[in-house]
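Me: I'm new to this structure and would like a close look at one part of it. Could you take me through it slowly and then show how it fits with the rest?

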Amino acid sequence: MYKRRGRQQYIASAILFVLLLSPVAIEAQSGNSDCLACHGDKDLVTTDSTGVERSLYVDATQMENSVHAGFECVTCHVDVAPASHPDGSRLARATCGTCHENAVTEVGESVHGKASLEGEALSDAPTCGDCHGSHEIRATADSLSSVNQRQLAFTCARCHANPAIVQKYHIPIKDPFTAYSRSVHGRLTIAGIDSAATCSSCHGNHKIFASNNPASKVFHFNIPQTCGQCHQAIMQEYNDSVHGVAVARGSTDSPVCTDCHTEHGIESPKVATAPTAPRNVAVETCGRCHASTRIVEKYGMRAERLSTFADSYHGLALRSGRLSVANCGSCHGVHNILPSSDPRSMIHPSNLAATCGTCHPNAGENFTRGPVHMTMEEKEGKTIAVIRFIYMTLIIVVIGGMFIHNALDFVRKSKQALRRE
């Protein structure tokens with residue numbers, strides 16, 4: 001049953017509502033006044049099936065500022081009838097589908113809509129009002145709307161950053177809001193860049209599906225197209241790459257955007273913690289596949305790509321903190337990675353001089369003759385063998401000579417000291 005906390009407050013609210021009547025909505029508001037006679041009372045509450053007390057107060061001012069200003073209450077609350085209300089009986093939810101049929105149909109097909117059909121989840125599955133608001137619904141373009149570009153992440157976070165709901169429904173990603181708010185997309189959105197990606201950009205508006213559903217925008221094979229909505233040139237490069245071609249052929253092992261850039265915490269490569277940052281890209285990003293025994297064996301790829309890079313001059317310099325030194329992307333490309341046999345590849349023999357020349361000006365054909373990623377089992381060329389022999393000989397002669405010189409000097413000085421004693 002409803003509860004009231006003061007007749008005087010109700011009367012004051014009713015008077016305020018009357019004063020706010022606009023000429024355009026005069027007819028509808030006349031009808032609404034019967035409803036607001038009770039629901040204009042801020043203390044009108046009810047207790048739901050879970051024992052939680054919920055307010056039944058309706059702010060007439062909010063209604064008049066909403067996109068539904070001028071609507072009658074019964075337009076949405078179609079089951080209101082004098083015989084059944086107000087007697088404490090529960091009314092059905094407001095009917096959005098009368099006007100928004102397509103949206104309601106899409107929600108019904110979504111993960112949210114299906115969850116609402118499961119008895120246990122009924123109280124948690126979001127309704128139209130949970131995302132759009134109830135009587136204060138504003139247009140999406142309105143920055144005060146809960147589904148506006150700048151507000152949407154906060155709206156979704158009410159459930160997806162709620163530990164109790166995440167645990168109850170075994171949602172695999174614990175707190176996407178925190179990761180998103182720190183990401184390049186989140187920071188741009190908060191800064192007021194309306195073109196920055198937000199939740200609906202990647203997951204959809206009403207037709208939100210689980211990531212294992214082929215219809216989902218974040219299904220593995222759909223992710224390049226989803227990101228390509230904003231990053232079209234990169235998507236084209238990726239689609240032509242060895243990774244994009246493999247994905248198009250149905251490979252679930254071939255990486256898509258989120259495998260390298262992460263899902264919600266996407267950062268610029270300039271940020272030190274980004275998996276695509278120079279310091280991390282070899283081990284955290286490329287190494288996850290190219291150092292994987294399972295993937296290397298499955299696809300017949302050359303092994304030890306990561307370890308041979310780590311042992312190279314570039315790898316050693318990178319580990320010492322020289323971030324300007326070449327990493328995987330410097331030689332193979334970033335999104336446009338192609339096999340070395342492809343004339344468009346940065347590591348095709350005809351392009352190697354230009355690729356190396358990016359860091360080593362005047363690098364010519366001879367500069368590129370040395371093999372890279374060479375393992376102990378692979379033979380080096382004659383030129384490299386001669387150079388290696390000369391370097392090793394010089395190292396032994398110089399270091400050995402210094403050691404012998406210092407040792408003899410130490411012995412001589414020791415003898416002189418003993419004689420003086």
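Is Asp-124 buried or exposed, or partly exposed? Please start there and go on to the charged pairs.

Reply: Happy to, and keep in mind that this is a predicted model. Asp-124 is partly exposed, because its relative accessible area is 24%, and buried would mean under 20%. Its side chain meets that of Lys-168 in a salt bridge, with 3.0 Å from N to O. This pair links distant parts of the chain: Asp-124 sits in the loop between α6 (111–116) and α7 (128–132), while Lys-168 belongs to helix α9 (residues 163–168), 44 residues apart. Lys-168 is partly exposed too, with a relative accessible area of 38%. As for what brings such partners together, side chains of opposite charge can pair when their charged atoms come close.

That bridge has company, since a search of the whole structure finds nine salt bridges. Take Arg-187 and Glu-267, whose side chains meet at 2.8 Å, N to O. Here again distant parts of the chain are linked: Arg-187 is in helix α11 (residues 184–190), and Glu-267 is in the loop between α16 (257–261) and α17 (281–290), 80 residues apart. The two ends are not equally covered: Arg-187 counts as partly exposed at 40% relative accessibility, whereas Glu-267 counts as buried at 14%.

Now look at Arg-294, which forms a salt bridge with Asp-253, their closest N and O atoms being 3.1 Å apart. Arg-294 lies in helix α18 (residues 293–299) and Asp-253 in the loop between α15 and α16, so this pair ties together parts that are 41 residues apart in sequence. Arg-294 is partly exposed, with a relative accessible area of 48%, but Asp-253 is buried at 18%. There's a third member here as well: salt bridges that share partners join Asp-253, Arg-294 and Lys-298 into one network.

Another loop to check is the one between α14 (232–240) and α15 (242–248), where you'll find Ser-241. Ser-241 is buried, with a relative accessible area of just 1%. Leaving aside neighbours within four places in sequence, Ser-241 is in contact with His-335, Asn-336, Ile-337 and Leu-338.

What about the nonpolar side chains? The largest nonpolar core has six residues: Ala-282, Phe-309, Ala-317, Leu-318, Val-325 and Cys-328. One of them, Ala-317, touches Arg-322 and Val-325, not counting residues up to four places away in sequence. On the surface, there's a nonpolar patch of about 1200 Å², with Phe-389, Tyr-391, Met-392 and Met-402 among its residues. Met-392 lies in helix α23 (residues 382–420) and counts as partly exposed, because its relative accessibility is 44%.

Last, the cysteines. A disulfide is a covalent bond between the sulfur atoms of two cysteines, and the count in this model is zero. Cys-76 is in no disulfide; its nearest cysteine sulfur, that of Cys-96, is 6.4 Å away, and the cut-off for a disulfide is 2.5 Å. Cys-76 counts as partly exposed at 23% relative accessibility. Cys-356 is in no disulfide either, as the nearest cysteine sulfur, that of Cys-331, is 6.3 Å away. Cys-356 counts as partly exposed, at 22% relative accessibility.

Notes: Residues are numbered from 1 along each chain as its sequence is written. This is a predicted model: local features need pLDDT of at least 70, side-chain atom pairs count only at pLDDT 80 or more; totals for chains, interfaces and linings use all residues. Side-chain values use heavy atoms; hydrogens and water are left out. Patches are made of residues with over 30% relative accessible area and no salt bridge: like charges are joined within 9 Å, nonpolar side chains (Val, Leu, Ile, Met, Phe, Trp, Tyr) within 5 Å. Accessible areas come from the Shrake-Rupley method with a 1.4 Å probe; for residues, only the protein chains shown count as cover. A salt bridge is a side-chain nitrogen of Lys or Arg within 4 Å of a carboxyl oxygen of Asp or Glu. Helices (H or I, at least four residues) and strands (E, at least two) are DSSP runs, numbered from the N terminus. Buried means under 20% relative accessible area, exposed over 50%, partly exposed in between (1.4 Å probe, protein chains only). Contact means heavy atoms within 4.5 Å. A nonpolar core is a set of buried Ala, Val, Leu, Ile, Met, Phe, Trp, Tyr and Cys residues joined through side-chain atoms within 4.5 Å.
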